[in-house]
Amino acid sequence: MPFISVFDVIGPNMIGPSSSHTAGAAAIGRLTHKMLPPPIREVEFTLYGSFAKTYRGHGTDRALLGGVLGFTPDDPRIRDSFRLAQEEDVAYSFRLDHTDGDIHPNTVDIRLKNRAGQEQTLRGESLGGGKVRITRINGVEVDFSGEYSAVIVVQQDRPGVVAHITKAISDLGVNIAFMRLYRDAKGLTAYTIVESDQRLPEDIIQALGANPHVHDVMLIQP
């Protein structure tokens, strides 16, 4: 009987032994991959709670890194993500934080830098059954699942910017399913997350970026 490793498929649409610790971890990493222009130069993971305790045995480390490389949770390349990251000259590291506190047990902070020098940080939580949510982007608290087509607009918190966003989306014939605004303080950087139950057109990036107070637009297709 052939040896079956923990990275063989033992459930639908996933690689690894746990929907929370491997499939969910890969989904978090893949969302991160979509939020910063490639190629990635370095990535640092900080693991909390259960992630920090069992990440090697459940393949959480390989899954997170594989997701950052762009692999889906059912991609067999997750097994070889360490080697593939080295071949792509991606520096990676894992930190463990065993601090007790009000934090979901399957939580990871990811800090990314691409070869253009751009940086992105986010916090992700694996909720079970392969479902995830992003709860922080660059220190700003958000709530984003990645289950719908979405745009994340990074903007200056100024009057008229949200109106520009809704008009640009309406002009493209996009139906808004959910729309939320997040900010740390009045007048500083804010994030508008718009989710739709239809696939978003690529030219939405140019339309939303036409406002001078919009700093960045990230298009996330599920």
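## A tour from strand β1 outward

Select Val 43. Beyond its neighbours within four places in sequence, Val 43 contacts Leu 65, Val 68, Val 90, Ala 91, Tyr 92, Ser 93, Ile 110, Arg 111 and Leu 112. Bear in mind that this is a predicted model. Val 43 sits in strand β1, residues 40-48. Is Val 43 buried or exposed? Its relative accessibility is 3%, so Val 43 counts as buried. Now add Arg 95. Val 43 and Arg 95 are 52 residues apart in sequence, yet 11 Å apart in space, C-alpha to C-alpha.

**Stop 2: the core**

Move to Phe 45. Which residues does Phe 45 contact, neighbours within four places in sequence aside? They are Leu 64, Leu 65, Val 68, Ser 93, Phe 94, Arg 95, Val 108, Asp 109 and Ile 110. Next, show Ile 152 as well. The largest nonpolar core has 42 residues, and Phe 45 and Ile 152 touch the most other members. Helix α1, residues 19-34, gives this core its largest share, five residues. A second core of 14 residues lies apart from it. To find that second core, select Val 174, Val 194, Ile 204 and Val 214, which are among its members. In soluble globular proteins, nonpolar side chains tend to be buried together.

**Stop 3: a nonpolar patch outside**

Not every nonpolar side chain here is covered. Select Val 162, Ile 176, Met 179 and Leu 181: they make a nonpolar surface patch of about 270 Å². Zoom in on Met 179, which belongs to strand β8, residues 178-183. Met 179 counts as partly exposed, because its relative accessibility is 30%.

**Stop 4: two buried polar residues**

Go to Thr 107, in strand β3, residues 106-114. Thr 107 has 0% relative accessibility, so it counts as buried. What does the side chain of Thr 107 reach at 2.6 Å? It reaches the backbone oxygen of His 104. Display the surroundings too. Not counting residues up to four places away in sequence, Thr 107 touches Thr 46, Leu 47, Tyr 48, Phe 51, Arg 123, Gly 124 and Glu 125.

Then pick Gln 120, in strand β4, residues 119-128. With a relative accessible area of 5%, Gln 120 is buried. Draw two distances from the Gln 120 side chain. One goes to the backbone oxygen of Met 35, at 2.9 Å. The other is a polar contact of 2.8 Å with the side chain of Asn 138. Around Gln 120, neighbours within four places in sequence aside, you will find Met 35, Leu 36, Ile 110, Arg 111, Leu 112, Ile 137, Asn 138 and Met 218 in contact.

**Stop 5: a loop residue**

Select Thr 99, in the loop between β2 (91-97) and β3. Buried or exposed? Thr 99 counts as exposed, because its relative accessibility is 55%. Its side chain makes a polar contact of 2.5 Å with the side chain of Asp 97. Add Gly 49 to the view. Thr 99 and Gly 49 are 50 residues apart in sequence and 7.9 Å apart in space, C-alpha to C-alpha.

**Stop 6: salt bridges**

How many salt bridges does a search of the whole structure find? It finds 13.

Start with Glu 87 and Arg 83. Their closest N and O atoms are 2.7 Å apart, in a salt bridge. The two are four residues apart in helix α4, residues 81-87, so about one helical turn separates them. Glu 87 counts as exposed at 56% relative accessibility, while Arg 83 is partly exposed with a relative accessible area of 41%.

Elsewhere, salt bridges that share partners join Arg 41, Glu 42, Arg 111, Lys 113 and Glu 119 into one network. Select those five residues. Within the network, Glu 42 meets Arg 41 in a salt bridge of 4.0 Å, N to O. Glu 42 counts as partly exposed at 23% relative accessibility, and Arg 41 also counts as partly exposed, at 36%. Glu 42 meets Arg 111 too, at 3.3 Å, N to O. This pair links distant parts of the chain: Glu 42 is in strand β1 and Arg 111 in strand β3, 69 residues apart. Arg 111 is partly exposed, with a relative accessible area of 25%.

End the tour back at Val 43, which has Arg 111 among its contacts.

Technical notes. Residues are numbered from 1 along each chain as its sequence is written. This is a predicted model: local features need pLDDT of at least 70, side-chain atom pairs count only at pLDDT 80 or more; totals for chains, interfaces and linings use all residues. Side-chain values use heavy atoms; hydrogens and water are left out. A nonpolar core is a set of buried Ala, Val, Leu, Ile, Met, Phe, Trp, Tyr and Cys residues joined through side-chain atoms within 4.5 Å. Buried means under 20% relative accessible area, exposed over 50%, partly exposed in between (1.4 Å probe, protein chains only). Contact means heavy atoms within 4.5 Å. Patches are made of residues with over 30% relative accessible area and no salt bridge: like charges are joined within 9 Å, nonpolar side chains (Val, Leu, Ile, Met, Phe, Trp, Tyr) within 5 Å. Accessible areas come from the Shrake-Rupley method with a 1.4 Å probe; for residues, only the protein chains shown count as cover. A salt bridge is a side-chain nitrogen of Lys or Arg within 4 Å of a carboxyl oxygen of Asp or Glu. A polar contact is a pair of N or O atoms within 3.5 Å; within protein, one must be able to donate a hydrogen and the other to accept it, and residues adjacent in sequence count only if both atoms are side-chain atoms.
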